[in-house]
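This report covers helix geometry, burial, one pocket and a few side-chain contacts. The sequence and the structure come first.

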Amino acid sequence: MMSGGPINRTSLELFRDCMRLVRHLAPGYSPKAQALRQTVRSQFEANRALTDPVQVENAKASAVRALSNYMLYQSAQKDGQMQQAMKDQITRVKKEKREEDQKNRK
């Protein structure tokens, strides 16, 4: 669980981590690799002008979350129990969303 404190990596370090992840996901110059690289670049470019420390930390936290989610996903691929737990969580979230949507329609 994240402590809610500042991220101890610079924006540049997070950018490089994300680009390394793209190389791992889609090596070379395939359309998938190019699209992933462009997505990472555009997200970091969109946040380049942020000066508010809270907004900067939120953007960095989003990048860390993306990297963490991928690592969790990869771990789950190797662990049957974790795979099942993730499927159960997805099912619960979808059910809650459906119930909330039905409640909002009334």
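Arg 41 is found in helix α2. The model is a predicted one, and the values below are computed from it. With a relative accessibility of 38%, Arg 41 counts as partly exposed, because that value falls between the 20% limit for buried and the 50% limit for exposed. Once neighbours within four places in sequence are set aside, Arg 41 is in contact with Phe 15 and Met 19. Arg 41 and Gln 81 are separated by 40 residues in sequence, and their C-alpha atoms are 35 Å apart in space.

**The aromatic pair**

Phe 15 also takes part in an aromatic pair. How many such pairs does a search of the whole structure find? The search finds one. The ring centres of Phe 15 and Phe 44 are 5.2 Å apart and the ring planes meet at 80°, so the pair is edge-to-face; planes over 60 degrees apart fall in that class. The pair links distant parts of the chain, with Phe 15 in helix α1 and Phe 44 in helix α2, 29 residues apart. Phe 15 counts as partly exposed at 23% relative accessibility, and Phe 44 counts as partly exposed at 23%.

**Helices α1 and α3**

| Helix | Number of residues | End-to-end C-alpha distance | Expected span |
|---|---|---|---|
| α1 | 15 residues | 21 Å | 21 Å |
| α3 | 26 residues | 38 Å | 38 Å |

For α1, the distance between the end C-alpha atoms agrees with the span expected at 1.5 Å a residue. For α3, which covers residues 53–78, the reach is close to the expected value.

The buried residues of α1 are Leu 14, Asp 17, Cys 18, Met 19, Leu 21 and Val 22, and they pack against α2 and α3. An α-helix has 3.6 residues a turn, so residues three or four places apart point the same way. In α3, Lys 60, Ala 61, Ala 63, Val 64, Leu 67, Tyr 70 and Ala 76 are buried. What covers these α3 residues includes α1 (11–25), α2 (31–46) and α4 (80–105).

**The largest pocket**

The largest pocket holds about 590 Å³ of space. Which elements give two or more residues to its lining? They are α1, α2 and α3. The lining comprises 24 residues, and those nearest the centre of the pocket are Cys 18, Val 40, Gln 43, Phe 44 and Ala 63. By residue class, the lining divides into 15 nonpolar, five polar and four charged residues. Two residues at the centre recur from above: Cys 18 is buried in α1, and Ala 63 is buried in α3.

Technical notes
Residues are numbered from 1 along each chain as its sequence is written. This is a predicted model: local features need pLDDT of at least 70, side-chain atom pairs count only at pLDDT 80 or more; totals for chains, interfaces and linings use all residues. Side-chain values use heavy atoms; hydrogens and water are left out. Helices (H or I, at least four residues) and strands (E, at least two) are DSSP runs, numbered from the N terminus. The expected span of a helix is 1.5 Å times one less than its number of residues. Buried means under 20% relative accessible area, exposed over 50%, partly exposed in between (1.4 Å probe, protein chains only). Contact means heavy atoms within 4.5 Å. On a 1 Å grid over the protein atoms alone, a cavity is a set of points where a 1.4 Å probe fits but cannot get out, and a pocket is an open set with protein on both sides within 12 Å along at least five of seven lines; lining residues have an atom within 4 Å of a point. Grid points are joined across faces, edges and corners, and a volume is the space filled by probe spheres set on the points. Ala, Val, Leu, Ile, Met, Phe, Trp, Tyr, Cys and Pro count as nonpolar, Asp, Glu, Lys and Arg as charged, and the others, Gly among them, as polar. Rings of Phe, Tyr and Trp (its six-membered ring) pair if their centres lie within 6.5 Å; planes under 30 degrees apart count as stacked, over 60 as edge-to-face and the rest as tilted.
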